[in-house]
Number of protein chains: 2
Amino acid sequence: MKEIEGGITSVSGIRATGVASGIKATGAKDLVLIVCDEIATSAGTFTSNKVKSAPVLVSMERIKSGKAQAVVANSGNANACTGEQGLNDARRMAEIAGNELKISSELVLVASTGKIGRTMPMDKVESGIKLAVSQLSYTGGHEAAQAIMTTDTFQKEVAVEFDIQGKKAHIGGMVKGAGMINPNMATMLCFMATDVSIDQSLLQEALKTAVDRSFNMVCIDGDMSTNDTVIILANGKAGNDKINQHNDDYNIFLDALTYSTTKLAKMIAKDGEGATKFIELQIKGAKTEQDARISAHAISRSPLLKCALFGEDPNWGRIMSSLGSSGIEMDQNAVDIWLDDLKIVENGVTTGFKEESAKDVLKKAEYNITIDLKIGNANATLWTCDLSYDYVKINVV
Amino acid sequence: MKEIEGGITSVSGIRATGVASGIKATGAKDLVLIVCDEIATSAGTFTSNKVKSAPVLVSMERIKSGKAQAVVANSGNANACTGEQGLNDARRMAEIAGNELKISSELVLVASTGKIGRTMPMDKVESGIKLAVSQLSYTGGHEAAQAIMTTDTFQKEVAVEFDIQGKKAHIGGMVKGAGMINPNMATMLCFMATDVSIDQSLLQEALKTAVDRSFNMVCIDGDMSTNDTVIILANGKAGNDKINQHNDDYNIFLDALTYSTTKLAKMIAKDGEGATKFIELQIKGAKTEQDARISAHAISRSPLLKCALFGEDPNWGRIMSSLGSSGIEMDQNAVDIWLDDLKIVENGVTTGFKEESAKDVLKKAEYNITIDLKIGNANATLWTCDLSYDYVKINVV
């Protein structure tokens, strides 16, 4: 497998574009359209928040068919907490796109991100979709990735190429992240495509596995969105015999998909609102994988620790404290902690490390924190960032 | 019951003081001593963090006897994650105090707050305790309350007087709070005394109930400390017949105790690190009391919402989002939300309230947010604050 230049339109048979429809008052791009030449096998994962946006409710319903041909999405308005009107608007977005594309609106998935509680400006959405249809392009992935950005500071795309049954296969995709990112996804919209031919239930299973290992292991601020959506369309253009069991081909696809979603997940952490540090947090030696994941999330959610990381202060006590409050099984006298290769805690107490050596790591823009609980064999890896003045500044409104 | 001027030494037979021992480099007061003339019935609640400081481990062990005569505590060093040495130091603190006071060191409880991971400067602790013993006073409550402060900006004391069996009874106490405050307590040290005569197991039960309704319903930042300690000493000087069942006298005492701890808890929220707003959050109509408490904590822990409150922005979508991600039973189409008396959400969607009216509430230094889930009869009240630039500034080291 190798990474290649590009994004979702690196997959053949996929057209995309992003346009400015006027939903964003700034005039920035805010409407995304992704279209597959033929009906594709589709799978999706959605927010586990009990408050779900209208487009999430509509797409969750439609994904059950396992078939889709287009995705229409907007930034600038979440269409969440908008009641019956919101549901009508989400369905209408799909209907407008379906009509313009001359396909069934049941084959159009919908997603939104932005402020909660405002009804959609449907006149702008309608003209935006019409404009987008007129601009659809086999090289439009970049424009689409731009148009789903909200407080993101850079666009996030990935494309990989790999061999399956001697055929060249591809996965391409885009994501938006930035704030409100945490366990079980966030306002995180991710649209992926692949030319691999694969059974729908295996596509769904692979997507869920890849999301669990990647997007669900990103923590910016501990908040979880009402709008999180990950969608993949598989059009079979690679020409492989359909993957319909857990064989080597499935594993090749799963690895490529996990690589792709992990790459996008790391970009989300790097672009955390106000973030100045990108941290890979590794938990080792936990009793269970669940414990490893829970403790990783608890540590990365601590505002106290995140402020200390922003301040480049080796305040490992805040790691110990978060670990202990996470509720996992642990022995405080067994814990080891490293900053990159510098061991700072052994068996729950300081190693007497030099503060200067710790600061040498902490002043880097990217580093690893490793925690060995030494009571089991389960591991987890999570990507997170610090909490800076700018996070507050970005989120005061 | 009425509130009176004073603090812990408003209870007769209680001496206290606070001195500067040099643990804090600033030269501020950092050592507290509280002594009861006779052996008192004692009860305590401690952090549920699995990483516990040495003094917490020592005091948890000693409180089992139900008897205590003194509390020695320090700020400036948490004596947490300090291994065997830390345990020895915590026991030694009690031993020094016991020797100086000429009482058994088993009757001395210990508490610490400050930075995690550093061993105690025992020479300073020893001379500090000796100085404190020489300064003990029946009016020394204020000095003691000053000496347990860390990032607190004001000292936090309470004293109440109430009638029990025709006798005048009292409760007095002090607390420190500020940062690292959340569910199940925080680095929160609270020392209380009462002259009520009460059975030890009922004292423990009353304390636990009062703490659950007060300190455990304060949320500053979602972090939980390794050092949280609440201790109460009951010396029986009020002269009432010992309370040894759940009768009216017990309820009078419980009400007075809950009033006192609630008063202190609210002071903690008002003095949250960097806080500019004090918010009483009321959850109504939840299916269970646990759901009400869980959702109150989830909402008050949201950095996104807390930043919006700092910015005085009526971003109720962040309330809905936190509510939905808390995992409680709910119907997003049933939720009502008020800012003071202004209803801003009805049945999950905006009431179309005037933004100006909402801002009139949000710009106040203190206000209420009320959420009615309308699916049950359980309620909870929590006190919280906003997240400001200053929170980050205070916590970068």
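**Exercise 1.** In this predicted model, locate A:Lys364 among the secondary-structure elements of chain A, and decide whether A:Lys364 is buried, partly exposed or exposed.

*Solution.* Begin with the elements on either side: helix H10 covers residues 355–362 and strand S15 covers residues 366–372, and A:Lys364 lies in the loop between them. Next, take the relative accessible area, which is 36% for A:Lys364. Buried requires a value under 20% and exposed a value over 50%, so A:Lys364 is partly exposed. Finally, look at the surroundings: when neighbours within four places in sequence are left aside, A:Lys364 is in contact with A:Lys277 and A:Asp340. A:Glu312, which is 52 residues away in sequence, has its C-alpha atom 9.0 Å from that of A:Lys364.

**Exercise 2.** Find the element of chain A that holds A:Thr370, and work out whether A:Thr370 is buried or exposed.

*Solution.* The residue A:Thr370 has its place in strand S15 of chain A. Its relative accessible area is 9%, and because the limit for buried is under 20%, A:Thr370 counts as buried. Not counting residues up to four places away in sequence, A:Thr370 touches A:Gln282, A:Lys284, A:Asp336, A:Ile337 and A:Trp338.

**Exercise 3.** Describe the setting of B:Glu161 in chain B, and name the side chain with which its own side chain makes a polar contact.

*Solution.* First, B:Glu161 belongs to strand S6, which comprises residues 156–164 of chain B. Second, with a relative accessible area of 16%, B:Glu161 is buried. Third, the side chain of B:Glu161 makes a polar contact of 3.0 Å with the side chain of B:His170. Beyond the neighbours within four places in sequence, the residues in contact with B:Glu161 include B:Met1, B:Lys2, B:Ile4 and B:Lys168.

**Exercise 4.** Check whether the length of helix H7 of chain B, residues 289–301, agrees with its number of residues.

*Solution.* The helix has 13 residues, and the expected span is 1.5 Å times one less than the number of residues, which gives 18 Å for helix H7 of chain B. The end C-alpha atoms are 18 Å apart, so the two values agree. Among the buried residues of this helix are B:Asp291, B:Ala292 and B:His297.

**Exercise 5.** Set out the order of the seven strands in the open sheet of chain B, and identify its edge strands.

*Solution.* The order is S9-S16-S11-S15-S12-S13-S14, with mixed pairing. The edge strands are S9 (218–219) and S14 (349–350), each of which pairs on one side only. Within the sheet, strands S11 and S16 of chain B run antiparallel and are joined by seven bridges; B:Phe278, for example, has B:Cys385 as its bridge partner in S16.

Key
Residues are numbered from 1 along each chain as its sequence is written. Chains are lettered from A and ligands numbered from 1 in the order in which they are written. This is a predicted model: local features need pLDDT of at least 70, side-chain atom pairs count only at pLDDT 80 or more; totals for chains, interfaces and linings use all residues. Side-chain values use heavy atoms; hydrogens and water are left out. Helices (H or I, at least four residues) and strands (E, at least two) are DSSP runs, numbered from the N terminus. Buried means under 20% relative accessible area, exposed over 50%, partly exposed in between (1.4 Å probe, protein chains only). Contact means heavy atoms within 4.5 Å. A polar contact is a pair of N or O atoms within 3.5 Å; within protein, one must be able to donate a hydrogen and the other to accept it, and residues adjacent in sequence count only if both atoms are side-chain atoms. Two strands pair if DSSP finds at least two bridges between them.
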